[in-house]
Amino acid sequence: MQVKWYENKDSWISRVATTLTVDFGCEYGGGATCNTDTTTATHTGTGVLFAGVMAYVRAWHGEKYAMTFGGGAIDNPSRYLVLLPPINGATALSGTPYFTENPGDPFKAIDTQLTFDYMPSQFFTLRAELVYRHANVPYFAGAGGVTPPGGNQGAAGSQVASWAPDLVKDEPRMTLALLVKM
C-alpha cells in the first residue's frame, strides 16, 4: 500500500508519503508443508510459514531534497526466500555446507534504513544511505569476507580445507550512490 498523505508546496515540508508491504505465505514440497500437524507415511509436517513486513515514510523539501526512513522484519523458517550468501562462489543451485537451506532452518531478520536524496533534476539523484541489518544467524559478510584466500576453489559453494567464511549477524552500512538517467 502506498499513500501520499500530505502535500503543500508552500510549506518547508512539501510532501509526505508512506508505504506498507505485508507478505505472508508458506512453502510446500521437498519435505516442507504449510501445516505442522500434517503427517504422511514419509514425514511429519514442518510448518514452513513465511511472514514479512516493511514500512517507510518519505518527506520532500521542495522538489530537490527528500529523506526516507523505515525498515522491516522477516520470519522465514525454511530460508526458502533467503538469498544464499555467495560463499566460495555458491549459487542457489550449488548450495553450500556453510549456510543450509533446509525446511525448519530458522531465519529471522530486521533492517532499518535512513536515506537523504539530492535531486537537482529528474535525471540526477545523489543519495546518502545508512542501513542497519540484523539476523538471528550469521548471514552477512564480515571483514574476512566469503571468498577463500586466492579466490574461489573447487566446485561452487564447496567446503575449503582450513578455511571458513566470515559470516556475522549484524551489518551496519553507509552508502553514497549516484543515479544518472539518460
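Which residues is Pro148 in contact with, leaving aside its neighbours within four places in sequence? Keep that question for a later stop; the tour begins with the whole chain. The structure on screen is a predicted model.

**Stop 1: the whole chain**

Show the chain as a cartoon. You will find nine strands and zero helices. Going from the N terminus, the order of elements is β-β-β-β-β-β-β-β-β. The radius of gyration is 21 Å, well over the 16 Å that the globule rule gives for 182 residues, so the chain is more spread out than a compact globule. Along the principal axes, the C-alpha atoms fill a box of roughly 65 × 45 × 30 Å.

Now switch to a surface view. The chain exposes about 11200 Å², and carbon and sulfur atoms supply 62% of that area. Of the 182 residues, 32% count as buried. Among contacts with a separation of 6 or more, 63% are between residues 24 or more positions apart.

**Stop 2: strands 1 to 4**

Select residues 2-7, which make up strand 1. How many of its six residues are buried? The count is zero, and the strand is hardly covered.

Add residues 15-26, which are strand 2. Strand 1 and strand 2 pair in the antiparallel sense, over five bridges. Look for Glu7, which stands opposite Arg15 in strand 2.

Add residues 49-61, which are strand 3. Strand 2 pairs with strand 3 over 12 bridges, again in the antiparallel sense. Show the side chains of Arg15 and Trp60. Arg15 stands opposite Trp60 in strand 3. Arg15 also lies over the face of Trp60, at 4.7 Å from the ring centre.

Next add strand 4, residues 65-75. Strand 3 and strand 4 run antiparallel and are joined by 11 bridges. One of the residues to pick out here is Val57, whose bridge partner in strand 4 is Phe69. The two strands form a hairpin with three residues between them. Click on Gly62 in the turn: Gly62 has a positive phi of about 65°.

**Stop 3: the aromatic rings**

Hide the strands and show the rings of Phe and Tyr. A pair of aromatic rings is described by the distance of the centres and the angle of the planes. The structure holds five aromatic pairs. Select Phe99 and Tyr139, which form a tilted pair, 5.5 Å centre to centre with 55° between the planes. Phe99 lies in the loop between strand 4 and strand 5, and Tyr139 in the loop between strand 6 (124-135) and strand 7, so the pair ties together parts that are 40 residues apart in sequence.

Keep Tyr139 selected and add Phe140. Their ring centres are 5.2 Å apart and their planes are at 80°, so this pair is edge-to-face.

Are Phe99 and Tyr139 buried or exposed? Both are buried. For Tyr139 the relative accessible area is 17%, and buried means under 20%, so Tyr139 falls on the buried side of the cut-off. Phe140, at 10% relative accessibility, also counts as buried.

Add Phe107 to the selection. Phe99, Phe107, Tyr139 and Phe140 form one aromatic cluster. Then show Arg79: its charged end sits over the ring of Phe99, 4.4 Å from the centre of that ring.

**Stop 4: Thr96**

Select Thr96, in the loop between strand 4 and strand 5 (108-121). Thr96 is buried, with a relative accessible area of 10%. Which residues does Thr96 touch, not counting those up to four places away in sequence? They are Leu84, Ile87, Ala90 and Gly157. Leave Ile87 on screen for the last stop.

**Stop 5: Pro148**

Select Pro148, in the loop between strand 7 (140-141) and strand 8 (167-168). Its relative accessible area is 3%, and Pro148 is buried. Here is the reply to the opening question: apart from neighbours within four places in sequence, Pro148 is in contact with Asn88, Gln153, Val160 and Trp163.

To finish, draw a distance between the C-alpha atoms of Pro148 and Ile87. The two residues are 61 residues apart in sequence and 8.4 Å apart in space. Ile87 is also one of the residues that Thr96 touches.

Definitions and conventions: Residues numbered from 1 in each chain as written. Predicted model: local features only at pLDDT ≥ 70, side-chain atom pairs only at ≥ 80, totals over all residues. Heavy atoms only, no water. Helix = DSSP H or I, 4+ residues; strand = E, 2+ residues; numbered from the N terminus. Buried < 20%, exposed > 50% of the residue type's maximum accessible area, 1.4 Å probe, protein only. Contact = heavy atoms within 4.5 Å. Phe/Tyr/Trp six-rings, centres within 6.5 Å; stacked < 30°, edge-to-face > 60°. Lys NZ or Arg CZ within 6 Å of the ring centre and 35° of its normal. Rg over C-alpha atoms; globule rule 2.2 N^0.38 Å. Areas by Shrake-Rupley, 256 points an atom, 1.4 Å probe, with all protein chains shown as cover. Pairing = 2+ DSSP bridges.
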